[in-house]
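Dear colleague,

Please find the structure below, together with its sequence. A short account of the findings follows, and I would ask you to read it with the structure open.

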Amino acid sequence: MTKTFRGLFPPMITVFKDNEDIDEERTREHVNFLIENGVDGIIVCGSTGEFFNMSIEERKKVIKIVIDEVNDRVPVIAGTADCSTRLVIELSKYAEDVGADGLLIVPPYYYKPKEEEVYQHYEAIAQKVSIPIMLYNNPWTSGVYVPPRLLVRMANNEIIQYVKETHGDVAYVHEIVYLGKGEKPIVFFGRDENAFEAFIVGAKGWVSGAANVTTKLQKELFNKVVNERDYENGLKLYYKLLPWFLLTERRGRWIAYVKAALELMGRQVGKPRKPIRPLNKEEKEELAKVLSELGLLNT
């Protein structure tokens, strides 16, 4: 049975050993950390999971590890993007076969396909799988922006069911919700620094790399704004989290910040794979101050 996705879905980190091999044990540990802290679902091999730094076989391995460890406790969405439609289909079929509940797919990057090529790319994938597709709309990394009219066209034709909107302009969320009547596609927001506004205007989910760290606080914020419509207290919590969001969003080094934050909290999650560099001393000091103000460090 197809599951419906709503709520907080962190794109989880992938833990690497010192030699940059996949650390299966600690990746499994992080799955449990997220579930114990209240996530509504988990995304494996998203951007925060460094899919772009892994081979297809490594991605298959991590997808299988995470699905196995989750063991149907929450939905799992597998990131299966690639520049090649053929490779996306291969990885997507594998993810479905091993139990993924959905797929997260950014448009092909580097080549920068035109709108009809984007449509045909997702159409070809949808014809080969039976689980929902969340289109990852992130022009900052892919170089391709899928406009609301094309998203709604694909949703109406049952090619995609969800969109992770990471452009950052809430006006686009308005337009998607308006054109799709709030249901086709379902909007997940992926830009933390203005997620509060996106929730008010109709986003029904949150894909946030920062939520690997501030899981409970972000789940509380989502519940206050989306489920309880308690905008006053939701805004207070949003401003409490904003310094952390600005670190991860504005610096362009969110993966290094997320892993360093977890290390500061006593969780052994390793470093990012090269070429991503770990935080330097000054960056760690600034990060520690932000985490301390959030009450996440033992002092």
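**Strand 5 and its surroundings**

In this predicted model, five of the five residues of strand 5 (residues 133-137) are buried, so the strand is largely enclosed by the rest of the structure. The covering applies to both faces of strand 5. On one side, Ile 133, Leu 135 and Asn 137 are buried, and on the other side Met 134 and Tyr 136 are buried as well.

Which strands pair with strand 5? One partner is strand 4 (residues 102-105), which pairs with strand 5 in the parallel sense over three bridges. Within this pairing, Leu 104 stands opposite Met 134 of strand 5. Another partner is strand 6 (residues 162-165), which runs parallel to strand 5 and is joined to it by four bridges. Here Met 134 stands opposite Tyr 162 of strand 6. Met 134 therefore has Leu 104 opposite it in strand 4 and Tyr 162 opposite it in strand 6.Strand 5 also belongs to a β-α-β unit, which is right-handed and consists of strand 4, helix 4 (residues 115-126) and strand 5.

**A loop residue**

Asn 37 lies in the loop between helix 1 (24-36) and strand 2 (42-44). Is Asn 37 buried or exposed? Its relative accessible area is 17%, and a residue counts as buried under 20%, so Asn 37 is buried. Leaving aside neighbours within four places in sequence, Asn 37 is in contact with Thr 215 and Lys 216.

With kind regards

Notes
Residues are numbered from 1 along each chain as its sequence is written. This is a predicted model: local features need pLDDT of at least 70, side-chain atom pairs count only at pLDDT 80 or more; totals for chains, interfaces and linings use all residues. Side-chain values use heavy atoms; hydrogens and water are left out. Helices (H or I, at least four residues) and strands (E, at least two) are DSSP runs, numbered from the N terminus. Buried means under 20% relative accessible area, exposed over 50%, partly exposed in between (1.4 Å probe, protein chains only). Contact means heavy atoms within 4.5 Å. Two strands pair if DSSP finds at least two bridges between them. A crossover is right-handed if, with the strands pointing away from the viewer, the path from the first strand over the helix to the second runs clockwise.
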